[in-house]
Amino acid sequence: ESETALSHLRDENKWQVYYDNLLNDCHAQGYWRGAGIEDEYYWHYWGLGYDPRHEFWFDTESGWKQHVTETATMATRNINGEIVNIKHRLLTPFNDTKYRMEYTTHIEPLCVANLDNLVCDFALICEGEKKNYVAWSLLDNLNVQSYGLPMTPSDEMLKSLPFKTAVYIPDPDALEERTSKTGKTLPPPANRIIETLKGKDVRVLQLTDKLDDWILRTLPSKQNFETLLKQARKI
């Protein structure tokens with residue numbers, strides 16, 4: 001199943017189709033610019049795109065339901081920078097579902113920002129693709145790598161990230177305790193990532209907003225952001 005899905009992904013070159021859609025739609029371009037990725041160079045570099053009418057099927061209590069929505073698309077990669085899937089951001093979510101993948105590849109997706117220099121001594125570790133892209137484009141440094149993690153990264157993925165020093169920038173709510181459906185208090189989700197990365201030179205930067213929102217709100221200079229990263233707390 002995985003090989004068939006990857007074959008379709010390569011043969012259909014879907015990310016290029018979605019990228020072409022983006023170039024021909026001012027509304028879609030406005031979405032990515034509003035997300036903080038204004039430079040058109042990066043749209044192609046990272047495999048960003050747009051689908052004006054994507055069909056999804058959802059298994060609900062009353063049976064399968066079709067949902068049609070426009071989507072913003074992002075090519076997802078493996079640790080070697082190779083495209084292994086396409087992630088759709090549903091611009092009209094279905095219930096609480098905001099993201100869906102193009103194919104079922106059974107390959108854990110990773111967002112790699114610096115495709116020209118895959119292995120760097122210093123790296124950022126961010127929550128998701130948009131935050132990752134906005135942060136790396138602000139630094140604009142080919143000697144820095146930046147990884148956008150999937151929602152629940154495996155321990156294997158976290159341990160495989162190649163760096164000497166990294167700054168992990170979790171979402172504010174990832175540092176808060178959760179309550180399960182049974183009323184049990186659960187530790188903050190970021191704890192697992194921090195524990196898994198222990199033993200490596202990793203620091204944690206805590207912001208008041210999600211990383212991309214914070215950058216868009218405060219409009220820091222490259223120098224200000226670099227200074228802030230130096231203040232990250234070592235774990």
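How many residues lie between strand 1 and strand 2 in the hairpin that they form? In this predicted model, the hairpin of strand 1 and strand 2 has 2 residues between its strands. Strand 1 covers residues 48-60 and strand 2 covers residues 63-77, and the two are paired in the antiparallel sense through 11 bridges. Within this pairing, tryptophan 57 has glutamine 66 of strand 2 as its bridge partner. Strand 2 is also paired with strand 3 (residues 83-94), again in the antiparallel sense, over 7 bridges. Here threonine 73 is found opposite histidine 88 of strand 3. The hairpin of strand 2 and strand 3 has 5 residues between the strands, and glycine 81 adopts a positive phi near 85° in that hairpin.

An open sheet is built from 6 strands in the order 5-7-6-8-11-12, and its pairing is mixed. Its edges are formed by strand 5 (111-112) and strand 12 (233-234), each of which pairs on one side only. Strand 5 runs antiparallel to strand 7 (residues 144-149), to which it is joined by 2 bridges. Strand 7 is joined to strand 6 by 6 bridges, and these two strands run parallel. Glycine 148 of strand 7 takes part in both pairings: it is the bridge partner of cysteine 111 and also of cysteine 126. Strand 6 has 5 of its 6 residues buried and is therefore largely enclosed by the rest of the structure.

The largest nonpolar core contains 45 residues, of which Trp32, Ile37, Trp46, Leu48 and Phe225 touch the most other members. The greatest contribution to this core comes from helix 5 (residues 129-139), which supplies 6 residues. A second core, separate from this one, has 19 residues, among them Ala123, Leu149, Ile194 and Leu197.

Helix 5 is mostly covered, with 9 of its 11 residues buried. The buried set is not confined to nonpolar side chains, since it includes Glu129, Lys131 and Asn132. The remaining buried residues of helix 5 are Tyr133, Val134, Ala135, Trp136, Leu138 and Leu139. Aspartate 140 follows helix 5 and has a positive phi, near 50°.

In helix 9 (residues 222-230), the buried residues are Phe225, Leu228 and Leu229. These residues lie on the same side of helix 9, because the arc that they cover around the axis is only 100°. Gln223 and Lys230 are exposed on the other side of helix 9. The packing partners of the buried residues of helix 9 are strand 6 (122-127), helix 5, strand 8 (165-169) and helix 8 (211-218). Apart from its neighbours within four places in sequence, phenylalanine 225 contacts Leu124, Ala135, Leu138, Leu139, Leu211 and Trp214. Of these contacts, Ala135, Leu138 and Leu139 are also among the buried residues of helix 5.

Aromatic pairs number 13 in the structure. One of them joins tryptophan 15 and tyrosine 19 in a tilted arrangement, with 6.3 Å from centre to centre and 45° between the planes. Both residues of this pair belong to helix 2 (residues 14-23), where tryptophan 15 and tyrosine 19 are 4 residues apart, about one turn of the helix. Tryptophan 15 and tyrosine 19 are both buried. The pair of tyrosine 45 and tryptophan 46 is likewise tilted, because its ring planes stand at 55°, with the ring centres 6.0 Å apart. Tyrosine 45 has a relative accessibility of 13% and so counts as buried. Tryptophan 46, at 0% relative accessibility, also counts as buried. Ring pairs connect tyrosine 45 and tryptophan 46 with Tyr41, Tyr42, Tyr133 and Trp136 in a cluster. Two members of this cluster, Tyr133 and Trp136, are among the buried residues of helix 5, and Trp46 is one of the residues that touch the most other members of the largest nonpolar core.

Charged side chains are also placed over aromatic rings. Arginine 100 is positioned over the face of phenylalanine 58, 4.6 Å from the ring centre. Lysine 200 is positioned over the face of phenylalanine 163, 4.0 Å from the ring centre.

Note on methods:
Residues are numbered from 1 along each chain as its sequence is written. This is a predicted model: local features need pLDDT of at least 70, side-chain atom pairs count only at pLDDT 80 or more; totals for chains, interfaces and linings use all residues. Side-chain values use heavy atoms; hydrogens and water are left out. Rings of Phe, Tyr and Trp (its six-membered ring) pair if their centres lie within 6.5 Å; planes under 30 degrees apart count as stacked, over 60 as edge-to-face and the rest as tilted. Buried means under 20% relative accessible area, exposed over 50%, partly exposed in between (1.4 Å probe, protein chains only). A charge sits over a ring if NZ of Lys or CZ of Arg is within 6 Å of the ring centre and within 35 degrees of the ring normal. Two strands pair if DSSP finds at least two bridges between them. A nonpolar core is a set of buried Ala, Val, Leu, Ile, Met, Phe, Trp, Tyr and Cys residues joined through side-chain atoms within 4.5 Å. Contact means heavy atoms within 4.5 Å. The arc is that of the directions from the helix axis to the C-beta atoms.
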